[in-house]
Amino acid sequence: MGILVSLGLSLIILYACNRSRAERIYGEPTTEQQSLTQLVNPFIGTGGHGHTFPGASMPNGMVQLSPDTRLMGWDACSGYHITDESILGFSHTHLSGTGIGDYGDILFMPITTTPEFTPNENGNYSHAYANKKRKGSEKAEPGYYSVVLDDNNIGVELTTTTRAGFHRYSFEGSHAGLLIDLNHTLQGHRQVENILEVVGPNEIRGVKRTSGWARKHEVYFHAVFSMPFQSQLHADGSIAELTFEDNTHELLVKVGISHVDWKGAKRNLDEEILDWSFDKVRRAAKDSWEQYLSTVTVEGGSMDDRTIFYTAMYHAGLAPNTFSDVDGRYMGMDRQIHQSDRPIFTVYSLWDTYRALHPFNTLVRPAINQDMIQSLITKYEEGGALPKWELAGNYTGTMIGYHGVAVIADAFTKGQKDFDIETAYEAMIKSAHYDTAGIHFPDAHIREKLMPKAKALNNELGFIPADLENESVSKALEYAYNDWCIAQMAKGLGKTADYEYFMTRSKRYVQYFDKETGFMRGKLAEGGWREPFDPKYSRHRKDDYVEGNAWQWSWFVPHDIKGLVSLHGGREAFVAKLDQLFTESSEITGDHSSADISGLIGQYAHGNEPSHHIAYMYNYVGAPHRAQELTRQILTSQYSNNPNGLSGNEDCGQMSAWYLLSAMGIYQVAPGSPYYTFGSPLFDKVTIHQENGKDFTIEALNNSPENIYLQRYVYNEKELEVPFISHKQIEEGGVLQFEMASSPKSEDPQ
């Protein structure tokens, strides 16, 4: 077998190992003219507060090889912002769209002169080697990034495999050099240890250990150069300066990384990059992205619409990241090295991604989604608790709720059960209780985040008093939904007593609804409501709500909309209040309001996840035309084909996954209930090429920017009476047709 074919197949297998149980057979590669990767714009979200990065990565890859342009501040979470003029270097790990920063590991930077290395006030070394981007030179596509560094006219090209990065540098001067900076890190995280070792005339390896958001984070690397170098260490041994023979015009560098050890980094490199052909690796990365993107095909819409769609799909395919080496070894939650025959993942932004990213995966690639679930279960077995925001084999305890249960229950209720069901259920039960037995905690700070006092109060008192616990309303509402998810799992397993118990707990949201104001409010331990009350008030992470206010959080009862309608006094009152949400003044009060409240339409905040299901609630109260109006408005006003094209943090694929489902015309309001409801499809035709071989197509007849309303819904030639379809129907394949018009259907179902 030729080297090119072998390399291409090996990289495809590396991607496909995450979904091997599906045994999906891809068709012939698409032609260049048909390439879906050409529709991806990796710069979407790199401006504003999207917090994405433009660099090279594979689907769910371990490596994210991308430029860093800033280190500190909220908009440095990915290490990159399009407005920055200079590049600090190119590091191998990045987070996509998070609201907290970490990573930026193993930075490489080509140079032509030796910079000065002086420590700053924090003891870190300044980036005297920063280099301006040549205006207009940045280019990116899935699996590839390039730029020209203007100060010394160096061309940079980057591509990747799953666990290795490949650099190609072009020099025009007589001197060629390169820096490897282990001291470089995002958000000023504490440097625990940096080691660099030259292990051959053209090989160097190292390890970087830091303590930041991930309390114990270590990345090993092994790099091989296309020519020998001379080396000199700076900055207490944490920066290596490599120099190459004079008149070097092209330098190639292959870099394997591992979270286990040096041996793992070298093996990852040796098995994933077989020769020195940069272009072969670039093509193989592009092919892997093409195969993933081609699982959904769209027709119609504008070029910008299609670009936004496939960029959203690209962003949805970045995380969670591969964490295990090619030999199956990985660093466990107990900080021990383990071996697994299934892929192990990291970067679980579950507070965000349970809502749309994982439901999208159940449609498009259920096999890899079940691998991700099994990885969560494995982390529970090693650490004693189901993660809610796991990072690099660490519990961070970030955000609220215990939404791993939603991801598990959603797959289970859809019949996707290729994971350890009994252990998953055990983990779900433990997540709901203030149960610290057998849990591996790195420190007391994380212990409190994993098993917060709110859980104890919820279990002991049956509610969470606002005067005893911060963010009590949001926590209580999310606990109620999570408990409902556990109940659905219990029902499917025939555990009747558990089902009844958790269904009762799922109704606890009722206690927080104030009928006089029509909002969910903080309830005091001795009775009564917290005063004063302003539904527009926000004090970031220091009030009764999380990253929002009463207007946004009073709708978080996705599992019992009927019950929420009853609290409002019936359908008409509920619809009137819902209408007011979208027409109310967008003013946010409070001196320290949450920056996450963004993408406002009235008080609806699309830039943050708690609002994402709200527009679809109209379908539950006989007003689907309002859902159609608003979802089309959100699709066209909150997303655009430019760097500031996201109205909030990308959050590891959630913002994009909302767009993907909604642009198709469907959305799942309550993961755990295997039903989707309808919005206003953006495209004339969307086909999901399912892993079971049965295509499911959504056709929007007479679709146009004016024709946003659904007149009829027809599934496999049978008219549907209500705007809902089950996951089972989708799995069976066929065609869902929407008849579109410029005015609402004359009679909406009640």
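## Cysteines, salt bridges and strand pairing

The count of disulfides in this predicted model comes to zero, a disulfide being a pair of cysteine sulfur atoms within 2.5 Å. Residues are numbered from 1 along each chain as its sequence is written. The model being predicted, local features need pLDDT of at least 70 and side-chain atom pairs count only at pLDDT 80 or more, while totals for chains, interfaces and linings use all residues; side-chain values use heavy atoms, with hydrogens and water left out.

**Cysteines.** Why does cysteine 77 form no bond with the closest cysteine sulfur? That sulfur belongs to cysteine 652 and is 10 Å from the sulfur of cysteine 77, which is too far for a bond. Cysteine 77 is buried, with a relative accessible area of 2%. Here buried means under 20% relative accessible area, exposed means over 50%, and partly exposed is in between (1.4 Å probe, protein chains only). Cysteine 485 is also buried, at 0%.

**Salt bridges.** The structure holds 34 salt bridges. The term stands for a side-chain nitrogen of Lys or Arg within 4 Å of a carboxyl oxygen of Asp or Glu. Three of them are listed here.

| Pair | Closest N to O distance |
|---|---|
| Aspartate 105 and lysine 208 | 3.0 Å |
| Glutamate 478 and arginine 355 | 3.6 Å |
| Lysine 536 and glutamate 584 | 3.1 Å |

The salt bridge between aspartate 105 and lysine 208 links distant parts of the chain, 103 residues apart. Aspartate 105 sits in the loop between strand 4 (89-91) and strand 5 (107-111), and lysine 208 sits in strand 13 (residues 203-211). Helices (H or I, at least four residues) and strands (E, at least two) are DSSP runs, numbered from the N terminus. Both aspartate 105 and lysine 208 are buried.

In the salt bridge of glutamate 478 with arginine 355, the glutamate belongs to helix 12 (residues 472-492) and the arginine to the loop between helix 5 (350-353) and helix 6 (357-364), so the pair ties together parts that are 123 residues apart in sequence. Glutamate 478 counts as buried because its relative accessibility is 0%. Arginine 355 is buried too, with a relative accessible area of 5%.

Lysine 536 and glutamate 584 meet through their side chains. Lysine 536 lies in the loop between strand 27 (519-520) and helix 14 (550-553), and glutamate 584 in the loop between helix 16 (571-583) and strand 28 (600-601), so this pair ties together parts that are 48 residues apart in sequence. Lysine 536 is buried at 11% relative accessible area, whereas glutamate 584, at 23%, counts as partly exposed. Elsewhere, salt bridges with shared partners join Asp261, Arg267, Asp327 and Arg329 into one network.

**Strand pairing.** Two strands pair if DSSP finds at least two bridges between them. One open sheet has six strands in the order 18-32-33-37-34-35, with mixed pairing. Which strands form its edges? They are strand 18 (296-299) and strand 35 (718-719), each of which pairs on one side only. Strand 34 (residues 709-715) runs antiparallel to strand 35 and is joined to it by two bridges. Opposite valine 714 stands glutamate 719 in strand 35.

Strand 15 (residues 230-234) pairs with strand 16 (residues 239-243) in the antiparallel sense over five bridges. Histidine 234 has isoleucine 239 in strand 16 as its bridge partner. The two strands, 15 and 16, form a hairpin with four residues between them, and alanine 235 in the turn has a positive phi of about 50 degrees.
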